[in-house]
Amino acid sequence: MEQTYVMIKPDAVQRGLIGEIISRIERKGLKIAAMRMNVMDKNSAKAHYKEHSERPFFTSLIEYVISGPSVSMVVEGNNSIVIMRAINGATNPVNALPGTIRGDLAVETGRNIVHASDSPEAAKREISIHFKDDEITGYKKID
Ligand code: CMP
């Protein structure tokens, strides 16, 4: 079963949107296979956003994701990577369609409330930054 990494970012936690966001993921039919709420440590945040390290917004991005508690999840299901990106909507909420999390609940790129891995390679890498193997639950198939 395909797995992806999803983060409910500190602004969403502060705004009381954890339940709203998890509810959308579950209603779609995806499963939460691991979940933790914590203030992300700076090294994990830097490793997570390594590909943006040369971008002008990198420092503010890191300060933002460690500014308060966030919720880290492994989300599982067929095509979960592409489906989670669709549920989240475009990175810039200005371009995110109504019905998506960012389209309905966010207004700016720098406070776009959720993150989801953008490829199978990124999902594997990001899950390994935030979770140990034994923290991820397996679902048994019911015949
Ligand atoms: P995310 O989906 O977590 O992946 C990279 C993040 O970088 C993105 O969401 C935004 O939070 C942030 N980001 C991307 N572009 C910009 C930008 N131009 N200004 C500020 N933050 C950005």
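In the predicted model, helix α5 has five buried residues to consider: Ser80, Ile81, Met84, Ile87 and Asn88. These residues cover an arc of only 130 degrees around the axis, so they are on the same side of α5. The elements that cover the buried residues of α5 include three strands, β1, β3 and β4, and the helices α2, α6 and α7. After α5 comes Gly89, which has a positive phi near 90 degrees.

Helix α5 also contributes to the largest nonpolar core, with at least two residues in it. This core contains 26 residues. Those that touch the most other members are Val6, Ile21, Val74, Val75, Ile113 and Val114. At least two core residues each also come from the strands β1 (3–8), β2 (31–38), β3 (70–76) and β4 (114–116), and from helices including α2 (18–28), α6 (101–105) and α7 (120–130).

Two of these core residues illustrate how the elements meet. Val114 lies in strand β4. Val114 counts as buried because it has 25 C-beta neighbours inside 10 Å, where 20 or more are required. When residues up to four places away in sequence are left out, Val114 touches Val6, Met7, Ile8, Lys9, Ala12, Ile21, Asn88, Ile101 and Arg102. Asn88 in this list is one of the buried residues of α5. With the same exclusion of residues up to four places away, Ile21 touches Ile8, Ala12, Ile101 and Val114. Between Val114 and Thr91 the C-alpha to C-alpha distance is 9.0 Å, at a separation of 23 residues in sequence.

Thr91 is also among the residues surrounding the ligand. The others in this shell are His52, Phe57, Leu61, Thr109, Gly110, Asn112 and His115. By class, six residues of the shell are polar and two are nonpolar, while none is charged.

For the protein as a whole, seven helices and four strands were assigned. Along the sequence they follow the pattern β-α-α-β-α-α-β-α-α-β-α. The radius of gyration is 14 Å, close to the 15 Å given by the globule rule for 143 residues, so the protein is as compact as a globular protein of that length. The C-alpha trace spans about 50 × 35 × 25 Å along its principal axes. Of the 143 residues, 34% count as buried. Among contacts with a separation of 6 or more, 71% are between residues 24 or more positions apart.

Key
Residues are numbered from 1 along each chain as its sequence is written. This is a predicted model: local features need pLDDT of at least 70, side-chain atom pairs count only at pLDDT 80 or more; totals for chains, interfaces and linings use all residues. A nonpolar core is a set of buried Ala, Val, Leu, Ile, Met, Phe, Trp, Tyr and Cys residues joined through C-beta atoms within 7 Å. A residue is buried if 20 or more other C-beta atoms lie within 10 Å of its own, exposed if 12 or fewer, and partly exposed in between; C-beta atoms are placed from the backbone. Two residues are in contact if their C-beta atoms, placed from the backbone, lie within 7 Å. A residue is near a molecule or strand if its C-beta atom, placed from the backbone, lies within 6 Å of it. Ala, Val, Leu, Ile, Met, Phe, Trp, Tyr, Cys and Pro count as nonpolar, Asp, Glu, Lys and Arg as charged, and the others, Gly among them, as polar. The arc is that of the directions from the helix axis to the C-beta atoms. The radius of gyration is taken over C-alpha atoms; the globule rule is 2.2 Å times the number of residues to the power 0.38.
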